[in-house]
Amino acid sequence: MSTVRFAKRESILLAAKRIFLLHGYAGASMEAIAEAAPVAKATLYSHFEGKQDLFAAVISLQCEALLNTLAWAHTEVRDPVAALTAIARAFVDLIYSEDALTLYRVIIGEQLHFPELGGRVYRSGPEPVLRRLSAYLEDLSVQKVLAIPDVGVSARLFLGMLKGDEHFRCLLGQKEGLSEAEKISLVGAAVDLFLRGHGYAESLCAR
């Protein structure tokens with residue numbers, strides 16, 4: 001992709017995100033997004049087939065920093081405590097951000113009217129995250145750093161610990177995100193419990 005085309009795509013995605021956050025999925029139009037970008041409608045459709053495709057790309061963009069952290073932790077960080085802490089922190093920063101909470105509400109609110117939207121969103125964000133995390137956990141299991149019978153289940157449990165009741169309260173508007181102290185506490189507790197539950201202390205003693 002050329003530099004100019006990449007810049008146009010980024011401009012479209014940022015404009016689309018603003019429009020979706022302001023007007024929801026049903027209330028957003030391709031015309032409004034093109035105007036906000038600003039690009040011609042023909043340019044918009046040369047990048048994205050339609051509104052679903054564009055919304056899925058916005059979700060993918062939201063997850064980009066987390067996916068980059070996963071790739072970095074997998075290839076560059078040898079200490080599983082440091083790696084899982086970095087992954088957990090990136091995940092918490094993402095899901096508790098106001099933009100992510102608003103987009104989550106948009107998806108749930110539109111699901112009945114646009115049932116195919118949920119699948120597109122899942123394949124664009126959560127699925128790649130789980131796949132990357134599972135691959136990292138698989139390597140830890142093969143290296144006998146952790147004892148993980150099912151990496152897919154463990155990946156879901158790890159991310160689930162970081163969501164739980166607090167995230168649900170935020171979605172319902174009962175809480176405005178997490179403070180820095182709350183994030184540090186949540187990440188530390190989840191990483192510690194996950195490692196202990198997968199025999200990390202025992203693997204260290206055996207070396």
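# A chat about this predicted model

Reader: I'm new here, so let's start small. Which residues does Gly 50 touch, not counting residues up to four places away in sequence?
Author: Bear in mind that this is a predicted model. Gly 50 sits in the loop between H3 and H4. Leaving out residues up to four places away in sequence, the ones it touches are Met 30 and Tyr 45.

Reader: Okay, and is Gly 50 buried or exposed?
Author: Buried means under 20% relative accessible area. Gly 50 has 16% relative accessibility, so it counts as buried.

Reader: How many Å separate Gly 50 and Asp 79, C-alpha to C-alpha?
Author: Along the sequence, Gly 50 and Asp 79 are 29 residues apart. In space, their C-alpha atoms are separated by 43 Å.

Reader: Let's move to the helices. How do the axes of H1 and H4 lie: roughly parallel or roughly perpendicular?
Author: Two packed helices are described by the angle between their axes and the distance between the axes. Here the axes of H1 (residues 3-23) and H4 (residues 51-62) come within 9 Å and cross at roughly 95 degrees. Angles of 65 to 115 degrees count as roughly perpendicular. That makes H1, relative to H4, roughly perpendicular.

Reader: What classes of residue make up the contact of H1 with H4?
Author: From H1 the contact includes Ile 12, Leu 13 and Phe 20, and from H4 it includes Leu 54, Phe 55 and Val 58. Charged residues take part as well, among them Arg 9 and Glu 10 of H1 and Lys 51 of H4. By class, the contact has 10 nonpolar, 1 polar and 4 charged residues.

Reader: What does UniProt list for residues 6-66, and how much of that stretch is helix?
Author: The unreviewed UniProt entry gives "domain: HTH tetR-type" for residues 6-66. In the model, the end C-alpha atoms of that stretch are 21 Å apart. Strand accounts for 0% of residues 6-66, and helix for 77%.

Reader: And which residues does the "DNA-binding region" annotation cover?
Author: In the model, the span under that name is 70% helix and 0% strand, with its end C-alpha atoms 13 Å apart. The annotation comes from the unreviewed UniProt entry, and it covers residues 29-48.

Reader: Which two residues does a cis peptide bond join?
Author: Most peptide bonds are trans. The cis one here has an omega of about -15 degrees, and its proline lies in the loop between helix H2 (30-36) and helix H3 (41-47). The joined residues are Ala 37 and Pro 38.

Reader: What is the phi of Lys 144?
Author: Lys 144 is in the loop between helix H9 (126-142) and helix H10 (151-171), and it is exposed, with a relative accessible area of 67%. Most residues other than glycine have a negative phi. Lys 144 has a positive one, near 60 degrees.

Reader: Why is there no bond between the sulfurs of Cys 63 and Cys 170?
Author: Both cysteines are buried, Cys 63 with a relative accessible area of 8% and Cys 170 at 1% relative accessibility. A disulfide needs the sulfur atoms within 2.5 Å. The closest cysteine sulfur to that of Cys 63 is in Cys 170, and it is too far for a bond, at 17 Å.

Reader: Last one: where does Leu 157 lie?
Author: Leu 157 counts as exposed, at 52% relative accessibility. Its C-alpha atom is 9.7 Å from that of Ala 190, 33 residues apart along the chain. The place of Leu 157 is helix H10.

Technical notes:
Residues are numbered from 1 along each chain as its sequence is written. This is a predicted model: local features need pLDDT of at least 70, side-chain atom pairs count only at pLDDT 80 or more; totals for chains, interfaces and linings use all residues. Side-chain values use heavy atoms; hydrogens and water are left out. Axes are lines fitted to C-alpha atoms, for helices over the stretch in contact, and angles run from 0 to 180 degrees between N-to-C directions. Helices (H or I, at least four residues) and strands (E, at least two) are DSSP runs, numbered from the N terminus. Angles under 35 degrees count as roughly parallel, over 145 as roughly antiparallel, 65 to 115 as roughly perpendicular and the rest as oblique. Contact means heavy atoms within 4.5 Å. Ala, Val, Leu, Ile, Met, Phe, Trp, Tyr, Cys and Pro count as nonpolar, Asp, Glu, Lys and Arg as charged, and the others, Gly among them, as polar. Buried means under 20% relative accessible area, exposed over 50%, partly exposed in between (1.4 Å probe, protein chains only). UniProt positions are given in the numbering used here, feature names are shortened, and annotations may be inferred rather than shown by experiment.
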